[in-house]
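Reader: I should like to learn how contacts between side chains and a metal site are read from a model. Please take me through the matter step by step.

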Amino acid sequence: MLEGIIIKGIGGLYYVKTDKGLYECKARGLFRKDKIKPLVGDKVLIELNDIDDMGYIMEIKERDTVLIRPPVANVNQVIIVFALKDPSPNLWLLDRFLILAEKENLDAVICFNKIDLLEKDELEKINNIYNNSGYEIINTSTKQEEGIEELKKVLKDKISVFAGPSGVGKSSLLNTIQPNLKLQTGEISEKTKRGKHTTRSSQLMELYFGGWVVDTPGFSSLDINFIEENELQDYFPEILEYSVDCKFNDCKHYKEPKCGVKDALEEGKISEERYNNYLMFLDEIKNFRRY
Ligand SMILES: Nc1nc2c(ncn2[C@@H]2O[C@H](COP(=O)(O)OP(=O)(O)OP(=O)(O)O)[C@@H](O)[C@H]2O)c(=O)[nH]1
Ligand SMILES: [Mg+2]
Ligand SMILES: [Zn+2]
């Protein structure tokens, strides 16, 4: 058997990179019994069919990490890309993505792309919302080649996944970082200012300066319903930080008195936008659990 890593999967076929070359594979092994589907990033053992050189995935090695959306295995960091304009950033969706990254224990870096389309004070305003969140923020433009060196630095020697809505420039950023990737990119719609889902499947690629990246298709919604009400604060680093000052152990930082989080909010140590999204998600989870 040959060891390899799944770099792409389309319609039940998986492309596995090994020391001996790239093989097109089908899933065969016992893992199918447990309804485990191979993911991009999975380390696998494959068996080759001498006749057609087709491979069969026989075993999936234990995963270090699993990201559900987009589905990838064994990455250590997520680069969450949002455009500052065209399409306008949906912070409600960005915060949902940050929750998922926290839940999976993945490092998250926020990348605000298309800064060439925005005035400086507008850029500052949106950066400020995340200043106290503890996340690294990288502002980029593929048109003006800004922030690209900074982005390369965080990617070096790591396995990263690029995630974000369609049309924000995930594939463009990767092409700017490494032109020989030649990823397909697509204009956003004139009318809706939204992306057209140009990237259709996730793909793992090696970077010339060290490290691996996964380009993924854009998404427009994310479920957080599997998160428990009292668990939500764990996934907002700045809320968790100030929750130690709350009087009540089970404080949800909503209407409770003597709440460290609300104090921090008042002092500007937590941004209003983040806090409001926290409350909205709390409400959403509560309502979901009620049924
Ligand atoms: N003005 C401006 N446009 C950009 C920038 N980066 C990318 N674009 C444009 O945005 C559009 C979408 O870029 P893509 O790279 O295809 O976006 P994507 O995130 O990969 O989208 P999907 O594959 O659909 O998820 C293209 O027309 C790019 O030329 C930028 O920094 N500034
Ligand atoms: Mg793309
Ligand atoms: Zn509180």
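Author: The dialogue below treats salt bridges, burial and a metal site in turn. This is a predicted model, in which local features need pLDDT of at least 70 and side-chain atom pairs count only at pLDDT 80 or more, while totals for chains, interfaces and linings use all residues. Residues are numbered from 1 along each chain as its sequence is written, chains are lettered from A and ligands numbered from 1 in the order in which they are written, and side-chain values use heavy atoms, with hydrogens and water left out.

Reader: How many salt bridges does the rule give?

Author: A salt bridge is a side-chain nitrogen of Lys or Arg within 4 Å of a carboxyl oxygen of Asp or Glu. On that criterion, eleven salt bridges are counted. One of them pairs Glu206 with Lys17, at 3.6 Å from N to O. Glu206 belongs to strand β12 (residues 203-206) and Lys17 to strand β2 (residues 13-18), so this contact ties together parts that are 189 residues apart in sequence. Helices (H or I, at least four residues) and strands (E, at least two) are DSSP runs, numbered from the N terminus.

Reader: Are Glu206 and Lys17 buried or exposed?

Author: Buried means under 20% relative accessible area, exposed over 50%, and partly exposed in between (1.4 Å probe, protein chains only). Glu206 is partly exposed at 43%, and Lys17 is partly exposed at 34%.

Reader: Which residue meets Asp95 in a salt bridge?

Author: The partner of Asp95 is Arg274, with an N to O distance of 2.8 Å. Asp95 sits in helix α1 (residues 91-103) and Arg274 in helix α7 (residues 272-290), so the pair ties together parts that are 179 residues apart in sequence. Asp95 is buried, with a relative accessible area of 1%, and Arg274 is likewise buried at 1%.

Reader: What does Glu231 form with Lys103?

Author: Glu231 and Lys103 form a salt bridge whose closest N and O atoms are 2.7 Å apart. Glu231 is in the loop between β13 (212-215) and α5 (237-242), and Lys103 is in helix α1, 128 residues apart. Glu231 counts as buried at 14%, whereas Lys103 is partly exposed at 29%. Elsewhere, shared partners join Asp95, Glu238 and Arg274 into one network of salt bridges.

Reader: Which protein donors does the magnesium ion (ligand 2) have?

Author: Donors are N, O and S atoms within 2.8 Å of the metal (3.2 Å for Na, K and Ca); water is not among the atoms, so sites may look incomplete. For the magnesium ion (ligand 2), the protein donors are Ser171 (OG) and Thr199 (OG1), 2.0 to 2.1 Å from the ion. Ser171 lies in helix α4 (residues 170-177) and Thr199 in the loop between α4 and β12, 28 residues apart. Ser171 is buried at 7%, and Thr199 counts as buried at 18%.
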